[in-house]
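Work through the exercises below with the structure in view. Try each task before reading its solution.

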Amino acid sequence: MDDDLDQALDAVGPRLRALRKQRETTLSALSAATGISVSTLSRLESGGRRPTLEQLLPLARAHGVTLDELVDAPQTGDPRIHLRPMTAHGMTILPLTRRAGGIQAFKMVLAAGSRRTEPSPQTHEGYEWLYVLNGKLRLVLGERDMVLTPGEAAEFDTRVPHWFGAATAESVEFLSLFGKQGERAHLRARPKPPAEK
């Protein structure tokens, strides 16, 4: 190994600890998100263990940073941001921000014929803002059931039971802003199982 690689790997531990503290995440919560044991995470942060690529990838994903940022890779001069979409429960989520912690921005796409048609309201800590770009978005918020069209926005306290889905059989695209609690809720929410016949 050359000196540059040694230095980069030695600097990862303090960077991991700083990111975790910045996001106010415990080692246990990070372990649950990454599948890496608490003891291994602790040794990685203290520098007692060198990280492998298999460990760095889930850690970068959990902290909302790129692998280059995590290992402090030299700048390439390319200003483009290469954000990867995630698909979960019939919804494609494209992160528009990369900041660890704080408000996150996402573009969300519910494909035509999405299975998200039966409301299954969820609650979580935080506040959310939605803005419809294309299509019609059905928003169930507490006792209210409404349809938002392109150019319309909604904002609400996420402690109120809420759910959103396509209002028609066509796809819908919208922007969503929320904090880290909202990100976890939307990525981990499970659709209701089909009713037994």
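**Exercise 1: a sheet and its edges**

Glu128 stands opposite Phe178 in S9. The model is predicted, with local features needing pLDDT of at least 70 and side-chain atom pairs pLDDT 80 or more, while totals for chains, interfaces and linings use all residues. Residues are numbered from 1 along each chain as its sequence is written, and side-chain values use heavy atoms, without hydrogens or water.

Task: Find which strands stand at the edges of the sheet.

Solution.
1. Strands (E, at least two residues) are DSSP runs numbered from the N terminus, as are helices (H or I, at least four).
2. Two strands pair if DSSP finds at least two bridges between them; strands S4 (residues 127-134) and S9 (residues 172-178) are joined by six and run antiparallel.
3. The open sheet has six strands in the order S1-S2-S3-S9-S4-S7, paired antiparallel.
4. S1 (86-88) and S7 (153-157) each have a single partner strand, so they stand at the edges, with one side of each lacking a neighbour in the sheet.

**Exercise 2: two sides of a helix**

Task: State which residues of helix H2 are buried and which are exposed.

Solution.
1. Buried means under 20% relative accessible area, exposed over 50%, and partly exposed in between (1.4 Å probe, protein chains only).
2. In H2 (residues 27-34), the buried residues include Leu27, Leu30, Ser31 and Thr34.
3. These cover an arc of only 105° around the axis, which puts them on the same side of H2; the arc is taken from the directions from the helix axis to the C-beta atoms.
4. Ser28 and Ala32, on the other side of H2, are exposed.
5. Just after H2, Gly35 has a positive phi of about 80°.
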